Amino acid sequence: MIIKPKIRGFICTNAHPLGCAANVKQQISYVQAQGELHNAPKNVLVIGCSTGYGLASRITAAFAGGANTLGVCFEKPPSDRKTATAGWYNTAAFHQEAHAAGLYAQTLNGDAFGKEMKQQVIDTLKAEMGKVDLVIYSLASPRRTDPETGEIYKSTLKPVGQAYKTKTYDTDKNLVHEIALEPANDDEIEQTIKVMGGEDWELWLNALADADLLADGCKTTAYTYVGKELTWPIYGQATIGRAKEDLDRAAAAIVKTKADKKVQAYVSSLKALVTQASSAIPVMPLYISLIYKVMKEEGTHQGCIEQIYDLFNEKLTQAQPVTDELGRLYMNDKETNDKTQAKITSLWDQVTQDNFHQLSDYAGYHHEFLKLFGFDIQGVDYEADVEPLVEW
Ligand code: NAD
């Protein structure tokens with residue numbers, strides 16, 4: 001099969017197996033070049049392990065820390081006529097590299113919100129890996145089925161309190177335009193908290209503790225984005241922000257209820273960058289194209305792997321990592337400091353349809369977007385016939 005990107009709206013509906021493998025290898029090479037992590041966790045569970053920040057976490061744990069990793073993801077396998085999702089190919093490539101390096105790597109594909117997956121993870125840990133000393137929670141999902149009631153909750157990306165008018169860039173139509181976002185109602189806020197809040201993170205930690213699979217002093221982290229004024233109305237102070245606030249509640253609850261195991265639970269605040277999850281959020285493609293421009297000029301630009309290596313190196317491998325005033329592991333200062341934000345705001349105010357491509361680094365954004373699906377990667381022959389049927 002000759003595989004070229006098929007973009008529909010904010011998503012690419014196919015993926016390139018060799019490109020995804022090259023992307024995984026690039027990330028492995030990056031962390032190997034940074035040097036080995038000291039005091040790294042050795043048995044790591046990554047929930048949401050196949051793309052974005054979760055994949056980068058798994059790669060860092062394994063290839064900079066020498067960890068055994070068990071991953072959980074929700075990806076589509078390939079068929080004769082259709083490629084797999086990128087996360088499937090990423091996982092296959094990760095397994096191949098990890099096994100070649102003599103590292104244990106296993107991945108379970110299915111719904112992380114359900115009881116069945118939690119049981120499968122427990123069974124696999126008991127049989128193959130043992131107690132975990134780090135649990136990464138990196139799920140991004142538009143819906144969640146409640147494991148007790150079977151009710152399906154949907155997350156919404158809407159402002160809270162009042163309507164909000166702002167600029168956005170429609171990647172499909174190459175159009176900078178205004179959008180008016182109506183505020184969420186209470187039910188939409190509650191449903192978003194159910195999907196992207198901390199309840200499922202807590203359920204995971206409870207299940208692992210009940211099965212005696214948490215090592216003493218085990219650390220766990222879930223990822224958030226805090227941002228600043230430009231993104232607050234659609235992120236930080238919007239429905240998704242409400243859900244993310246619930247992670248702080250969950251972190252405190254985990255620490256309290258797992259005190260016997262001295263579990264340390266943190267919310268890690270990471271930078272905005274192109275992933276499958278963020279490209280679906282209105283305003284984000286425009287905001288990210290502008291911060292790429294500013295941060296590349298400042299020499300502070302980072303992708304998933306650079307952010308996550310720093311998170312491990314500066315925070316997760318420290319006995320008592322330095323936290324911000326809210327107890328979070330704050331990794332996003334290079335984006336949210338006042339000087340950088342002032343430059344981004346100035347560009348934001350100036351940007352129009354006519355000057356968008358000059359003022360922003362949309363070319364960089366688009367390259368990163370294609371790369372998520374294994375496209376636009378140097379050294380990959382996109383004219384070659386490739387086998388889409390890749391197994392783990
Ligand atoms: P992503 O879309 O790249 O990754 C999501 C992962 O979750 C994938 O591995 C996917 O397979 C898995 N997944 C989704 N639903 C699942 C389910 N039901 N069961 C099992 N696995 C499932 O997203 P990302 O951008 O890396 O986001 C990860 C976390 O980081 C999210 O909490 C997000 O809010 C946070 N974050 C993202 C950004 C950003 O700019 N992208 C910034 C800061 C924080």
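In what follows, Ala, Val, Leu, Ile, Met, Phe, Trp, Tyr, Cys and Pro count as nonpolar, Asp, Glu, Lys and Arg as charged, and the others, Gly among them, as polar. By this division, the shell around the ligand holds 16 nonpolar, eleven polar and four charged residues. The structure that carries this shell is a predicted model.

The chain as a whole may be considered before its parts. Its secondary structure amounts to 13 helices and 13 strands. The radius of gyration of the chain is 20 Å, close to the 21 Å that the globule rule gives for 392 residues, and the chain is therefore as compact as a globular protein of that length. Along the principal axes, the C-alpha trace extends over about 60 × 50 × 45 Å.

The interior and the surface of the chain can be described in similar terms. Of the 392 residues, 56% are buried. Among contacts with a separation of 6 or more, 78% are made by residues 24 or more positions apart. The area exposed by the chain is about 16900 Å², and 49% of this is supplied by carbon and sulfur atoms.

Attention now turns to the ligand. It is surrounded by 31 residues, of which Ser50, Glu75, Ala112, Lys244 and Thr275 are the closest. Backbone atoms also approach the ligand. A polar backbone atom of Gly110 lies 3.3 Å from a nitrogen atom of the ligand. Oxygen atoms of the ligand are involved as well: one lies 3.5 Å from a backbone N or O atom of Tyr223, and a backbone N or O atom of Ala277 is likewise found 3.5 Å from an oxygen atom of the ligand. How much of the ligand does the protein bury? Taken alone, the ligand exposes 840 Å², and the protein buries 93% of that area. Two or more residues of the surrounding shell come from each of the elements α2 (52-63) and β11 (214-224).

A single residue, Asn14, offers a closer view of the chain. Asn14 is placed in the loop between β2 (11-12) and α1 (17-34). Is Asn14 buried or exposed? Buried means under 20% relative accessible area, and Asn14, at 7% relative accessibility, therefore counts as buried. A polar atom of the Asn14 side chain lies 3.0 Å from the backbone nitrogen of Lys6. Leaving aside residues up to four places away in sequence, Asn14 touches Ile3, Lys4, Pro5, Lys6, Thr83, Phe373 and Phe375. Lys6 thus appears both in this list of neighbours and in the approach to the Asn14 side chain.

Definitions and conventions: Residues are numbered from 1 along each chain as its sequence is written. This is a predicted model: local features need pLDDT of at least 70, side-chain atom pairs count only at pLDDT 80 or more; totals for chains, interfaces and linings use all residues. Side-chain values use heavy atoms; hydrogens and water are left out. A residue is near a molecule or strand if one of its heavy atoms lies within 4 Å of it. A polar contact is a pair of N or O atoms within 3.5 Å; within protein, one must be able to donate a hydrogen and the other to accept it, and residues adjacent in sequence count only if both atoms are side-chain atoms. Accessible areas come from the Shrake-Rupley method with a 1.4 Å probe; for residues, only the protein chains shown count as cover. Helices (H or I, at least four residues) and strands (E, at least two) are DSSP runs, numbered from the N terminus. The radius of gyration is taken over C-alpha atoms; the globule rule is 2.2 Å times the number of residues to the power 0.38. Buried means under 20% relative accessible area, exposed over 50%, partly exposed in between (1.4 Å probe, protein chains only). Contact means heavy atoms within 4.5 Å.
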